[in-house]
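Reader: I would like to take a close look at one part of this model, the aromatic rings and what surrounds them. Could you lead me through it slowly, explaining each term when it first comes up?

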Amino acid sequence: MEGQMMVLINPEFVGESPFAFVPALIHEAIHQDPTVGLQEERTAKTFEALTALLQIKYHPEVVNRHTRLSGYNNEVSLAMFNSGVEPRMHIINKTGSGNVFPQSQKHRESFLDYVDGIYSSAPAIASPGNLILQQYIQEFLETNALPCSPAEFNEELLNCLDSELGFV
């Protein structure tokens, strides 16, 4: 089944809005080979968060669905939105407040810190990039040029994406 992706949905998510699955599908589509390391997960989670933020921007009602999946999408969005110092979002930079989840027991200093907490067991390796990554860079950064190389999921890519993120 080369070129195809199979998606299995946990039965607890039956009845969720199909719209709520889009950020996760954006994330999973980036995984094109069996080599998945921490850098690839960091990148995939970045595009997942950006997708969730775009959904909120254009369809703000998604934050009030009160389902487990919408709550998770809200958490990912908040981690990205609060990572950095206004007027810019960041992946790597620390927040001005010291916590992307203000007034919460959950303490994460940046979006990257949040992602690393989720994927703490992922190997700290780089992995080959792919055409989906190239398309995401062009679409999310709204450019025909490639300011960030899609050749490899690595620290250089994350630094480039971090510097290229738009204003909040």
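Author: A good place to begin is Phe-47, which has a relative accessibility of 1% and counts as buried; buried means under 20% relative accessible area, exposed means over 50%, and partly exposed is in between, with a 1.4 Å probe and protein chains only. Please keep in mind that this is a predicted model, in which local features need a pLDDT of at least 70 and side-chain atom pairs count only at pLDDT 80 or more, while totals for chains, interfaces and linings use all residues. Residues are numbered from 1 along each chain as its sequence is written, and side-chain values use heavy atoms, with hydrogens and water left out.

To describe a pair of aromatic rings, one gives the distance of the centres and the angle of the planes. Rings of Phe, Tyr and Trp (for Trp, the six-membered ring) form a pair if their centres lie within 6.5 Å, and the planes make the pair stacked when under 30 degrees apart, edge-to-face when over 60, and tilted otherwise. By this rule the structure has six aromatic pairs. One of them joins Phe-13 and Phe-21, whose rings are 6.4 Å apart from centre to centre and have 85 degrees between their planes, an edge-to-face arrangement. Phe-13 has a relative accessible area of 18% and is buried, and Phe-21, at 16%, counts as buried too.

The pair that involves Phe-47 has Phe-140 as its partner: the ring centres are 5.1 Å apart and the planes stand at 55 degrees, so this pair is tilted. Because Phe-47 lies in helix H2 and Phe-140 in helix H5 (residues 131-140), the pair ties together parts that are 93 residues apart in sequence. The helices named here are DSSP runs of H or I with at least four residues, strands being runs of E with at least two, and both are numbered from the N terminus. Phe-140 has a relative accessibility of 21%, so it counts as partly exposed. Together with Tyr-136, Phe-47 and Phe-140 make up one aromatic cluster.

Which residues does Ile-26 contact, leaving aside its neighbours within four places in sequence? They are Phe-47, Glu-48, Thr-51, Tyr-136 and Phe-140, where contact means heavy atoms within 4.5 Å. Ile-26 has its place in helix H1 and, at 18% relative accessibility, counts as buried. Its C-alpha atom is separated by 15 Å from that of Ile-56, which is 30 residues away along the chain.

His-27 also lies in helix H1, and with a relative accessible area of 2% this residue is buried. Not counting residues up to four places away in sequence, His-27 touches Glu-41, Ala-44, Lys-45, Glu-48 and Tyr-119.

The empty space comes next. A probe the size of a water molecule, rolled over the atoms, shows where such space is left. On a 1 Å grid over the protein atoms alone, a cavity is a set of points where a 1.4 Å probe fits but cannot get out, whereas a pocket is an open set with protein on both sides within 12 Å along at least five of seven lines, and lining residues have an atom within 4 Å of a point. Grid points are joined across faces, edges and corners, and a volume is the space filled by probe spheres set on the points.

The second largest pocket has a volume of about 400 Å³. It is lined by 19 residues, and those closest to its centre are Leu-8, Phe-13, Phe-21, Ala-24 and Glu-28; Phe-13 and Phe-21 are thus met again here, after their edge-to-face pair. Helices H1 (22-29), H2 (38-58) and H3 (68-81) each supply at least two residues of this lining. The lining consists of twelve nonpolar, three polar and four charged residues, with Ala, Val, Leu, Ile, Met, Phe, Trp, Tyr, Cys and Pro counted as nonpolar, Asp, Glu, Lys and Arg as charged, and the others, Gly among them, as polar.

Finally, the structure holds one cavity of 30 Å³ or more, and the volume of the largest cavity is about 90 Å³. Its lining includes Phe-19, Ala-52, Ile-56 and Asn-73. H2 and H3 each supply at least two lining residues, and H3 gives the largest share, four residues. Five nonpolar, six polar and one charged residue make up this lining.
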